[in-house]
Amino acid sequence: MSDRAPRAHEVELIVNGRRVLAPASRTLASVLRDDLDLTAAKVACGRGECGACTVLVDGRPTMSCVTAVALVRGPVETLEALAEEVTDLREEFADAGAFQCGFCTPGQLVHAAALARRADELVAEDDLPGVVRDRLSGNICRCTGYQAITGAVCAVLARRAGAEVPS
Amino acid sequence: MSYIGARVRPIDWESRTRGEIRFTADLSSPDHLHAAVLRSPHAYAEIRSLDVSRAERLPGVRAVITHADFPAGITYVHRGAPLSDRPPLADGVVRHVGQEVAAVAADTPEIARAALRAIRVRYRVRPAALTPREALRPGATRLHERVTDEANVAVLLRTDWGDVAAGEAAGEVVVEGDYVYPSVSHACMEPNTTLAAWNEAEQKVELWTSTQAPWFIAKEVSHLLGIPHDHVICREVAVGGGFGAKSKASEHEVLAAALSRKAGRPVLLALSREEEFGANKPRHRFETHLRTSADADGTIRLFDADILVDNGSYNHMGSSVMRVGVITLGSMYRPDGARFASRLVDTATQPGGQFRGYGTPQVSLAVESQVDDLAHRLGLDPLEMRLRNVGPEHATTLCGYAVTTSRLADCLVAVRDGLDWDARRAEHRTLRADRGLGVAAGMHGSGAYAYEQANRSDAAIDLFDDGRVRVRHGSADAGTGQNTILAQIAASELGVDLADVEVLSMDSERTPFELGAWSSRGTHMTGSSVGLAARELADQVRSLAAAKLGAVSVTLRDGKAVGETGEVDLGDLVGLSDEARDGCLSHEVSYVLEGTEMISPDKDRFNLSPTYAYAAHGALVEVDRRTGKVSVLDYVAAHDVGRALNPTAVEGQVAGGAAMGLGAALGEELVREGGRIVNTSYLHYALPRSADLPSIRPVIVNGEDADGPYGAKSVGEMSIIPPGAAVANAVYDAVGVRITELPITPDKVVTALAEQEGRVRRHHVWRRPGRWWVAGIRMLYPLGLHHVLHRWGTRWGRGVGAPGSVPAAPPRILRPDTAAALTAAVADGAQAVGGGTDALVERERQPRPAPVLVSTIGVPSMRRIVAEEGRLRIGAAVTLAELEESLPPELAYVAAAVRSIASPQIRNSATVGGNLAQEKRCWFFRNGFPCYKRNGATSPCYAVEGDHRFQHAAIDGHRCQAVTPSDLGTVLQAADAEVVLLRAVGSRRIPLAELYDGPGELALAAGEIIAEVVVPLPGPGRRGSFHKLALYQGDFATASAAVTAEVAPDGTWSDVRIILGAMAPTPWRASATARALDGTQPTTDGVRRLLDRELDRHAHPLANNGWKLDAVAGLVEHAVDDLLER
């Protein structure tokens, strides 16, 4: 699939480091899930309103369910490829009770991965939990009340930045 | 070691956090078909004819089913005759919008959707009641024949508990009032989904389905398909949240199964988010009239209630939800008596279902509000009042509960300590800050004996010869942590490492009898059965080890059996048992709970549950008097759960339930228009986002209940009960207004405060001839105009979603890299978009969406932000995130506005141009109503008669009441921005104020696009501020205000801009106020007075959105405060 040249109305994407050809008018979420069997990203609303489909595009958290393949502007990373990078986040999520059903968790972790890459900058902010809550407000969780997610992300950001863990 | 009480990780944490665990929609099955459901567009109608032949003939359609595919007259069993009334597909009559009429299975989702449109249904629409009060009116259409004497009353409970006469006589202080807890949606993150695979040879069906209770799915599906119960085989699959929604069969399970049987192929039926909100079974709305009396000591003496429960159109679980709800009156406190009459009322709306808390949060709102009112009347501290009324332990309550342990008093004390209750209350009184504290208490059982055999749970444990252990149970862990807790129990009893325990749940063939995870019964029932199985297996293993080792006493630890003579690996003992098969020693048990009583119609008191859990929640809130916004600043949730088997999991249930309860307290509500749910999207459903919630502090008041497994009671439902009243009580404490109907949204608070402060607005429309026409039309709407336009006018429209119309093909999407190619494409008829995040969603509802979209994001010149000649030139394709990051400090108020838009993810894709150009904001328009703007001139504006409290214009509304949603459109006008418009030949620059000529409608010439926004860089004296009132973080503005001015060193203002957003069809300029401020040194009060005068002169609010004028004036006050501050 990836060795040939793109046909009309096809676009070349880089997904988790791999070259992929995909129809330009499809959504990124459907290409990931249906064509590439990368099912970590979930489709829970299909309208870009809940964050369950979050993937990184060019390092930025993006709603893949409302992103047309034609408008993807950079390499795509999904949780499948990010899992190792965020081992600390995943462990902290598990310890803190930051997921229950786990349906929104891939989106939360992908978004948190982007925050963790900016740990130094974010930890320098006055109100880290407030910043994390703001940043993660596009990722709905119906189970946890966000409490444990916020705590886990703050703990990992602080640890990565070599700062003290906020209580 | 023992894992009981340990904070262990969820056993499947690795696969869940890697995204590897498969939910039903993730299952790979290359040959499965896609299903879609045809739903009724009418609240109540006869089906005159139903013709599916055209749909069946469409290429790629493999099966179409209607009621004719089921046995005649069959209904879901649910609570049994005479309550069973709901057919699997509409049988001649539809009784709610969204009722399932037919279902199709096809090769692709697109073909399935096209097939729905090819089905011809002729309805004869009938009037029917949409609310309980309408349904109880004399002459209201009867939706069903019921067994009660009253029309449209499915069940009537009328009971006296205890000594009502004594309570009546002893009451010295009486409070009375009406309380409404609305219908709210579970909004589980995983939409309900079923994959069904029919096996024709064996006449069996396998189901992978999102459920909390596979047994009940098998019960209903087998009944409806006419096959034996054990021919419906549920398989284990991850379940993405339940909260009760998935604890009984909905419709997708049997529809998928029936389609698979007919098509001979596996069928996947996944509900859309719109279907989840619009057609699933939400919490029952309760209207509770309550009278409570107490004596002078603050002892509650009597509860007297009259309750209406909105059943919806069919008996789903309404009868038992109402039963559990009224129990609230006789369970927690100890009045002399309680009296109630409660009616389960049929309305032509979607049936209510099971929802965490199950009737208790609804009645609790009334009870706990009145306990507070009594405390205030008696001059008692509300928390102290509750302490005086806590019922005793080991006693029977009025409702028949045999309470075991209760640490409610300790929970109340934990709230008092946790919130620093006494000191803070004293401080609030001195400072007169609009902050308040509220408390509410609650109780809930640990599994109700609601069905035959609900007092039984079977479980099995396997010990493999490699030492691994497997727990098998037939319940389902939808996120509660049940599987982990059961693994902890098995590991502890068998002395093995938790990592060596796996859990198999749900599977109908491989797990023994178990009714599932509902009614907070998981920990008690399966905890008991798994504990019993593990203990008995441990005994067997110890006997085997004793024989092998020749030891007298054997203990199990570290995966070994250890005797005084030596030790042996557990796995090595398997082969020694005669009962072992294939290297596995299995043990299965049946746990039967004694001492509880089953719900039955002939009794009104039952001991439903083995133990009862308690909680007290305390909230610290701040009320913004200017905007009505209630913010929860601190929240303590103290719970008596007996012993917490896994404190992390318990705290998760507490915080999660409290958050959900806070959502219902402050924002969530399913809004209906003509029986149809309006807010069928997360966008329009104000459930809390992360930034909306405080830090919720769970407190486990650790105890031990001898009647629960390992001392545990329940927690799952308890946590959602107190938040509603806790917040209402805190709001009362803060500002002295008592809100009795949830959610406590800003409109209610502002309206109550206006009344408290004696503020009234008068708009004198009769003096304004320009508004007479609009006023006249609005007057005609309720007099029949709305009905005529809706019923008949919409038929002449463009056919939004009408049967027969073909779903739009996916668009071609172009991304040219030059402005010339872009404008050429637009000139050819392509729709210009930025990131496409709004356009792709909107086109689903457009009657004729553009076949070609062309994006600005590939054009380098439009991706730049350039500062030159004192101006900032912002390319239209700059994303909102990039804009926020690039704005200079003097435009910080613009950055603040950008940060309030949507979510960070959307801001990473959405562009400046796209934000300015986004479609109008109206929940009728955006959720597919065939409104005037969508469907054409003969269609109504649904906002006139519908719920327009938040989203619609209060100034200048005309035929359409929608507003321009763009916050940039508001804030950049205050920054004096201009817009550069480009077309194939030439460009022009216009003030931003001239960009809009209607709500979200651009004054562009043909072929024109937004190319650039030009913002003057403000000098040092220019100040600005933006404030926005929204229902949740990232929502569109309910109202917004941007204020900028030149502020001289002496405080004199000049060149003032006051722009109000979401108040009028386009951003509205308060020019008179701005002019009046020129050359003055304003005060906040002075600006408010000027603005109020101007608003009163120009506004023409709808019936229920006049409050927005107060709110937006409040936002301007905040902004003026900011300008005065520096």
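Begin by selecting helix 4 and helix 7 of chain A, whose axes (lines fitted to C-alpha atoms, for helices over the stretch in contact, with angles running from 0 to 180 degrees between N-to-C directions) come within 10 Å and cross at roughly 30°. Helix 4 of chain A and helix 7 of chain A are therefore roughly parallel, the term for angles under 35 degrees, while those over 145 count as roughly antiparallel, 65 to 115 as roughly perpendicular and the rest as oblique. The model is a predicted one, in which local features need pLDDT of at least 70 and side-chain atom pairs count only at pLDDT 80 or more, whereas totals for chains, interfaces and linings use all residues. Residues are numbered from 1 along each chain as its sequence is written, and chains are lettered from A and ligands numbered from 1 in the order in which they are written. Helices (H or I, at least four residues) and strands (E, at least two) are DSSP runs, numbered from the N terminus.

Stay on this pair and show the side chains. Gln108(A), Ala112(A), Leu115(A) and Ala116(A) of helix 4 of chain A meet Ile149(A), Val153(A), Val156(A), Leu157(A) and Arg160(A) of helix 7 of chain A, a contact requiring C-beta atoms, placed from the backbone, within 7 Å. By class, this contact of helix 4 with helix 7 of chain A has 7 nonpolar, 1 polar and 1 charged residues, where Ala, Val, Leu, Ile, Met, Phe, Trp, Tyr, Cys and Pro count as nonpolar, Asp, Glu, Lys and Arg as charged, and the others, Gly among them, as polar.

Next, select the whole of chain A, which has 7 helices and 5 strands, running from the N terminus as β-β-α-β-β-β-α-α-α-α-α-α. Along the principal axes, its C-alpha atoms fill a box of roughly 55 × 30 × 25 Å. Of the 167 residues of chain A, 64% count as buried, that is, with 20 or more other C-beta atoms within 10 Å of their own (exposed means 12 or fewer, partly exposed in between, C-beta atoms being placed from the backbone).

Within chain A, pick Leu13(A) in strand 1 (residues 10–15). Leu13(A) is buried, with 22 other C-beta atoms within 10 Å, and, leaving aside its neighbours within four places in sequence, Leu13(A) is in contact with Val20(A), Ala22(A), Val69(A), Val72(A) and Val76(A).

Now add chain B and look at the interface, to which chain A gives 58 residues and chain B gives 64 residues. On the side of chain A that touches chain B, strand 4 (60–63), helix 2 (79–82), helix 3 (87–96), helix 4 (105–117), helix 6 (128–135) and helix 7 (147–160) each supply at least two residues. That side of chain A divides into 27 nonpolar, 19 polar and 12 charged residues.

Move into chain B and select helix 12 (residues 408–418), where Leu408(B), Cys411(B), Leu412(B), Ala414(B), Val415(B) and Arg416(B) are buried. The buried residues of helix 12 of chain B pack against helix 11 (382–389), helix 13 (421–431), strand 16 (435–445), strand 24 (612–623), strand 25 (630–640) and strand 28 (696–700) of chain B. After helix 12 of chain B comes Asp420(B), with a positive phi near 55°.

Finish at helix 24 (residues 892–899) and helix 30 (residues 967–974) of chain B, whose axes come within 10 Å and cross at roughly 175°. That makes helix 24 of chain B roughly antiparallel to helix 30 of chain B. Here Tyr893(B), Val894(B) and Ala897(B) in helix 24 of chain B meet Asp967(B), Leu968(B), Val971(B) and Leu972(B) in helix 30 of chain B.

Notes. Contact = placed C-beta atoms within 7 Å.
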